[in-house]
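Me: I've got a model open and I keep tripping over the labels people put on its residues. Can you walk me through how they are earned?

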Amino acid sequence: MRRAIVIVLCLGACGLALAACGGGDANHASTANGGTTTPTSEVVTPKPDFVVIVVGKTISGGGRKTVKLGSTVRIQVVSDTKDEVHLHGYDKKVDVDKGLPATLTFTADVPGIFVVELESRSLTLLDLVIK
């Protein structure tokens, strides 16, 4: 039993040493066939398609945006006040807290032009064209 514990500890130490000295992408583990795998403990958050920042009545990143029908769309909003981001027509909503990013994610499966707004302030953030 003691020998098994020593072997496990040595293997662990060797693995750490190899990981510290190894080159390449530190976020991926090598496999026997030369490929890489993503560790199961790593959570990858997709990047937003659009980032809108609201300070007062000034909107950065807003305007008219076009997306492909059938695509997954991620709209991230950072606001200077607590509010609700609302995608009209799809009736999708997400709460946004002051100064913290909130992401509205949906599948663009209905064509048309849709308004994204801060609901309480009635402030249009985007006109989203889906085609």
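Reply: Sure. Keep in mind that this is a predicted model. Let's begin with valine 55, which sits in strand β3 (residues 50-55).

Me: Why is valine 55 called exposed?

Reply: Exposed takes over 50% relative accessible area. Valine 55 comes out at 53%, so the label fits. Valine 55 also belongs to a nonpolar surface patch with Val51 and Ile53, and together they have about 230 Å² of accessible area.

Me: And what makes histidine 86 buried or exposed?

Reply: The cut-off for buried is under 20%. Histidine 86 has a relative accessible area of 8%, so it is buried. You'll find histidine 86 in strand β7 (residues 83-87).

Me: How do you know that the side chain of histidine 86 makes a polar contact with the side chain of aspartate 91?

Reply: The N or O atoms have to be within 3.5 Å, and for these two side chains the distance is 3.1 Å, so the pair counts. Leaving aside neighbours within four places in sequence, the residues in contact with histidine 86 include Asp91, Lys93 and Val115.

Me: What makes lysine 93 and aspartate 91 a salt bridge?

Reply: The rule asks for nitrogen and oxygen within 4 Å. Their closest N and O atoms are 4.0 Å apart, and the pair is counted as a salt bridge. Aspartate 91 is exposed at 52%, while lysine 93, at 47%, is partly exposed.

Me: How many salt bridges does the count come to?

Reply: The count is 2. One of them joins the side chains of arginine 121 and aspartate 80, at 3.0 Å from N to O. Arginine 121 is in the loop between β10 (112-118) and β11 (123-130) and aspartate 80 is in the loop between β6 (72-79) and β7, so this bridge ties together parts 41 residues apart in sequence.

Me: Why is arginine 121 called partly exposed?

Reply: Because its 29% falls between the 20% and 50% cut-offs. Aspartate 80 gets that label too, with 26%.

Me: What about the rings: why is the pair of tyrosine 90 and phenylalanine 114 called edge-to-face?

Reply: Centres must lie within 6.5 Å to pair, and planes over 60 degrees apart count as edge-to-face. Here the centres are 4.9 Å apart and the planes are at 70°, so both conditions are met. Tyrosine 90 is buried at 14%, and phenylalanine 114 is buried at 10%. Together with Phe106, Tyr90 and Phe114 form one aromatic cluster.

Terms used
Residues numbered from 1 in each chain as written. Predicted model: local features only at pLDDT ≥ 70, side-chain atom pairs only at ≥ 80, totals over all residues. Heavy atoms only, no water. Helix = DSSP H or I, 4+ residues; strand = E, 2+ residues; numbered from the N terminus. Buried < 20%, exposed > 50% of the residue type's maximum accessible area, 1.4 Å probe, protein only. Polar contact = N/O pair within 3.5 Å; in protein donor to acceptor, adjacent residues only side chain to side chain. Contact = heavy atoms within 4.5 Å. Patch = residues over 30% accessible without salt bridge, like charges linked within 9 Å, V, L, I, M, F, W, Y side chains within 5 Å. Areas by Shrake-Rupley, 256 points an atom, 1.4 Å probe, with all protein chains shown as cover. Phe/Tyr/Trp six-rings, centres within 6.5 Å; stacked < 30°, edge-to-face > 60°.
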